[in-house]
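Please read the account below with the structure open. It goes from one chain to the contacts that this chain makes with its neighbours.

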Amino acid sequence: MLICEVVGHVWATKKQPELDGLKLMVVRETRADEKSGRTFVAVDTVGAGVGEQVLVVDGSTARRAVGKDASPVDCAIVGIIDTLEVQKTKLK
Amino acid sequence: MLICEVVGHVWATKKQPELDGLKLMVVRETRADEKSGRTFVAVDTVGAGVGEQVLVVDGSTARRAVGKDASPVDCAIVGIIDTLEVQKTKLK
Amino acid sequence: MLICEVVGHVWATKKQPELDGLKLMVVRETRADEKSGRTFVAVDTVGAGVGEQVLVVDGSTARRAVGKDASPVDCAIVGIIDTLEVQKTKLK
Amino acid sequence: MLICEVVGHVWATKKQPELDGLKLMVVRETRADEKSGRTFVAVDTVGAGVGEQVLVVDGSTARRAVGKDASPVDCAIVGIIDTLEVQKTKLK
Amino acid sequence: MLICEVVGHVWATKKQPELDGLKLMVVRETRADEKSGRTFVAVDTVGAGVGEQVLVVDGSTARRAVGKDASPVDCAIVGIIDTLEVQKTKLK
């Protein structure tokens, strides 16, 4: 799972019908050695808000997280991080 | 899902028959920290046009988006972005 | 799908029996911002030759392209590019 | 499989119920040419501790490692490295 | 498939039982433009030895190569390269 920060929202009127009702959020990977990681879009499944640090899954696992294997979803937020305890490396 | 811009078209006469009738578009990932992201080809499923910002899925999810698991497709456009609202980072 | 150029061949006598009879070609990803992209090996399914620009799929989709889900194949050429029309970015 | 070092723990109260009871650890990929590799989160399945070098699988394979295909897990620790013997390259 | 060189071995006593009896080798991707590619661990299925150049598959395809879909394996050596013939680019 990737450690990401929720940084925004995205709206798309014209989209695959299976995406209707899903909350699409913009997330940015938190990286140790770069100022900013990659920015992409994930479906929120846990009620995350902008500014929160979250756990993100991708690939076929994201469809498991959404609970429908036919969903055109390849990225999902599956947890909101309370505490991140890291030794011997400085994350962020 | 990746945030991409549609930047062109690609034509291939000699191809796997399952690709017949699919619209192949050239997309470029929008990145915050680089001038230009990766450029690749995605199947359009929502009527996207050159210049539009779109949501792109890849891997096995792209086959779900196309609706046929046997398709030799690993990248698909699943939405056209109306609004992208990003905080604390500058996308583009 | 990746936009690649076919740059060579590879021969392997000692290999998994399911690879017998498959044409293994060396391909290189065409990148806009770098001189040369990544070089790897793909199974040709459309009769591609060295010097041609091709569409390449990877992951589980490559097994669909080869038509046998049990194949130990994770990369396949699925089309030969005739024309690539790109706006607002210079590919190559 | 990736060669990683366990560098910490992560706690998330608000998460998908299928993640309950799984031990989430922060791992960092060991790279030869960079000071520090990518840092991400993996589910521990072998009793690994902080400071140990481990084998990590990702994608759909991580769900096999956890033993439940419906798990929203895309990264798992599957072994603790005793000895790593590398020739002609300096790892770390 | 990736073009890699076998560079070593790895031993892990504490590991998932499904990994018992599998030969774990350290491989390094051969890259054209960098001195050394990424180093990771693959299961050998063709009797490869240190110093040999090999074809490596990853993701769900590696489980096909190992022949057991439940294996916690995401990387496998599927062929030993005899000859690599590359035009218009210098590999290595």
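The following paragraphs treat the strands of chain A, then its two interfaces, and then the relation between the copies.

The model is a predicted one, and every value quoted here is computed from it.

A convenient starting point is strand β1 of chain A, which spans residues 2-11. Within its own chain, β1(A) runs antiparallel to strand β4 (residues 53-58), and 4 bridges join the two. One position at which this pairing can be inspected is A:Ile3, which stands opposite A:Leu55 in β4(A). Strand β4(A) in turn is joined by 5 bridges to strand β5 (residues 75-80) of chain A, again in the antiparallel sense. Here A:Val56 has A:Ile77 of β5(A) as its bridge partner. In tracing such strands, one may recall that side chains in a regular strand alternate between the two faces of the sheet.

The pairing of β1(A) also extends beyond its own chain. With strand β6 (residues 83-86) of chain B, β1(A) forms an antiparallel pair over 4 bridges. A:His9 marks a place to look, as this residue stands opposite B:Glu85 in β6(B). Strand β1(A) therefore has partners in two chains, since 4 bridges join it to β4(A) and antiparallel pairing over 4 bridges links it to β6(B), where a pair requires that DSSP find at least two bridges.

How many residues does each chain bring to the contact between chain A and chain B? Chain A contributes 35 residues and chain B contributes 30. Together the two chains bury about 2,600 Å², and carbon and sulfur atoms account for 49% of that area. On the side of chain A, the three residues A:Trp11, A:Arg38 and A:Asp74 supply 21% of what the chain buries against chain B, more than any other three residues.

The polar side of this interface can be described in similar detail. The rule finds 2 salt bridges between chain A and chain B. In a salt bridge across this boundary, the side chain of A:Arg38 meets that of B:Glu29 at 2.8 Å, N to O. A:Arg38 thus appears both in this salt bridge and among the three residues named for their share of the buried area. In addition, 17 residue pairs are in polar contact across the interface of chain A and chain B, with both residues at pLDDT 80 or more. The elements of chain A that give two or more residues to this side are β1 (2-11), β2 (24-29), β3 (39-44) and α1 (60-66). Of these, β1(A) provides the largest share, 6 residues. By type, the residues of chain A that touch chain B divide into 15 nonpolar, 11 polar and 9 charged.

Chain A has a further neighbour in chain D. Which strand of chain A pairs with β1(D)? Strand β6 (residues 83-86) of chain A does so, in the antiparallel sense and over 4 bridges. Within this pair A:Leu84 stands opposite D:Val10. The contact takes 34 residues from chain D and 30 from chain A, and the area buried between them is about 2,600 Å², 49% of it on carbon and sulfur atoms.

Across the interface of chain D and chain A the rule again finds 2 salt bridges. The side chains of A:Arg64 and D:Asp69 meet in a salt bridge at 3.1 Å, N to O. There are 17 residue pairs in polar contact between chain D and chain A, both residues being at pLDDT 80 or more. The side of chain D that touches chain A draws at least two residues from each of β1 (2-11), β2 (24-29), β3 (39-44) and α1 (60-66) of chain D. Strand β1(D) gives the most, with 6 residues. The residues on this side comprise 15 nonpolar, 11 polar and 8 charged.

The relation between the copies remains to be described. Chain A can be laid on chain B with an RMSD of 0.0 Å by a turn of 72° and a shift of 0.0 Å along the axis. That is the relation of a five-fold axis. A rotation of 72° with 0.0 Å of shift along its axis likewise superposes chain D on chain A, with an RMSD of 0.0 Å. Only 3% of the interface residues of chain D are also interface residues in chain A, so the copies meet through different surfaces.

Notes:
Residues are numbered from 1 along each chain as its sequence is written. Chains are lettered from A and ligands numbered from 1 in the order in which they are written. This is a predicted model: local features need pLDDT of at least 70, side-chain atom pairs count only at pLDDT 80 or more; totals for chains, interfaces and linings use all residues. Side-chain values use heavy atoms; hydrogens and water are left out. Contact means heavy atoms within 4.5 Å. Buried area is the accessible area (1.4 Å probe) that two parts lose on being put together, summed over both. A salt bridge is a side-chain nitrogen of Lys or Arg within 4 Å of a carboxyl oxygen of Asp or Glu. A polar contact is a pair of N or O atoms within 3.5 Å; within protein, one must be able to donate a hydrogen and the other to accept it, and residues adjacent in sequence count only if both atoms are side-chain atoms. Ala, Val, Leu, Ile, Met, Phe, Trp, Tyr, Cys and Pro count as nonpolar, Asp, Glu, Lys and Arg as charged, and the others, Gly among them, as polar. Copies are superposed by least squares on the C-alpha atoms of residues with pLDDT of at least 70 in both.
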